[in-house]
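User: I am new to reading protein structures and would like to learn how to follow one feature to the next. Could you take me through this one step by step?

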Amino acid sequence: MNRILLLIIILSPCLSHAQIWYIGGKAGATFSNYKAKTPWNEVTNMGYTAGLAFYKQTKNNWGINVEIQYTQKGYNHKVCEGISDQLEATYIEVPFMIDYGFIFPSMENLKLHVNLGCYAAYWMTAEYKLEGYSEPDEAFDFKKSNASRFDFGPNAGMRLEYIFKNSSLSLDARYELGIIDLQKQVDDNTANTNRTLIVGLSYLKILGDRRRRY
């Protein structure tokens, strides 16, 4: 968790020196799994995300996106008919992305953004959901699983934005590639890293000098 706080502190000078920011909320769905392949059928684990979103145009069409999100991730393995092993994990996540926007020539209020960056996340809680086993659902044991509670990796995405006078509404999608082995086991050569697609809606309200428009 301290690493997430450190990242926020590092980004603080960028936030404080900005002349104008768009600040609002974001909510959506997550579709996740681990990178490690298993002999079982892998089904996308579905969850949700919600939190704060920030945007700042820096120069011309370039900008910065920063978010603070509560995000659900995990995996879902179908061992066979009626038997499954599912991990539902919750994170506090801070994505930071460089943004480039394109305005449609005939539609001044519509803008397409592409973004590229990275994210850092802290693994808060997790629960095994077992179907078809004699054992009931159980809380995830971080110590027993030798789990890393810090996650990090690159991300990339895009968003389609409709601009109002002092606010905007966006439909966005982002894909995250975790690079931290979250459950490192002895004699395990696989990398249990997160793979997550996030689709959501964000509403941003302008703060600062309203004479400037992005």
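User: In which strand is L160 found?

Analyst: In this predicted model, L160 is found in strand β8, which covers residues 150-163. A general idea helps in reading any such element: in a regular strand the side chains alternate between the two faces of the sheet.

User: Which residues make the nonpolar surface patch?

Analyst: The patch is made by F104, M107, L160, L171, Y175, L177, L197, V199 and L201, and its area is about 730 Å². When you read a patch, it is useful to ask which strands contribute to it, and here β9 and β10 each supply at least two of its residues.

User: How do I read the pairing of β8 with other strands, and in what sense do β6 and β8 pair?

Analyst: Look for the bridges between two strands and for the direction in which they run. Strand β6, residues 107-131, pairs with β8 in the antiparallel sense over 13 bridges, while β8 and β9, which also run antiparallel, are joined by 9 bridges. A hairpin of 3 residues leads from β8 to β9. You can follow M158 as an example, since this residue of β8 stands opposite V114 and has A173 as its bridge partner in β9.

User: How many cavities does a search of the whole structure find, counting those of 30 Å³ or more?

Analyst: The search finds 1 cavity of that size, with a volume of about 150 Å³. To read a cavity, begin with its lining, which here consists of 15 residues, with K26, N65, E67, R159 and D172 lying nearest the centre. The lining divides into 7 nonpolar, 3 polar and 5 charged residues. Strand β8 appears again at this point, for β3, β4, β8, β9 and β10 each supply at least two residues of the lining.

User: What kind of contact do the side chains of K26 and E67 make?

Analyst: They meet in a salt bridge, with 3.3 Å from N to O. K26 lies in strand β1 and E67 in strand β4, so this pair ties together parts that are 41 residues apart in sequence. In the whole structure, a search finds 9 salt bridges.

Methods. Residues are numbered from 1 along each chain as its sequence is written. This is a predicted model: local features need pLDDT of at least 70, side-chain atom pairs count only at pLDDT 80 or more; totals for chains, interfaces and linings use all residues. Side-chain values use heavy atoms; hydrogens and water are left out. On a 1 Å grid over the protein atoms alone, a cavity is a set of points where a 1.4 Å probe fits but cannot get out, and a pocket is an open set with protein on both sides within 12 Å along at least five of seven lines; lining residues have an atom within 4 Å of a point. Grid points are joined across faces, edges and corners, and a volume is the space filled by probe spheres set on the points. Helices (H or I, at least four residues) and strands (E, at least two) are DSSP runs, numbered from the N terminus. Ala, Val, Leu, Ile, Met, Phe, Trp, Tyr, Cys and Pro count as nonpolar, Asp, Glu, Lys and Arg as charged, and the others, Gly among them, as polar. Two strands pair if DSSP finds at least two bridges between them. Patches are made of residues with over 30% relative accessible area and no salt bridge: like charges are joined within 9 Å, nonpolar side chains (Val, Leu, Ile, Met, Phe, Trp, Tyr) within 5 Å. Accessible areas come from the Shrake-Rupley method with a 1.4 Å probe; for residues, only the protein chains shown count as cover. A salt bridge is a side-chain nitrogen of Lys or Arg within 4 Å of a carboxyl oxygen of Asp or Glu.
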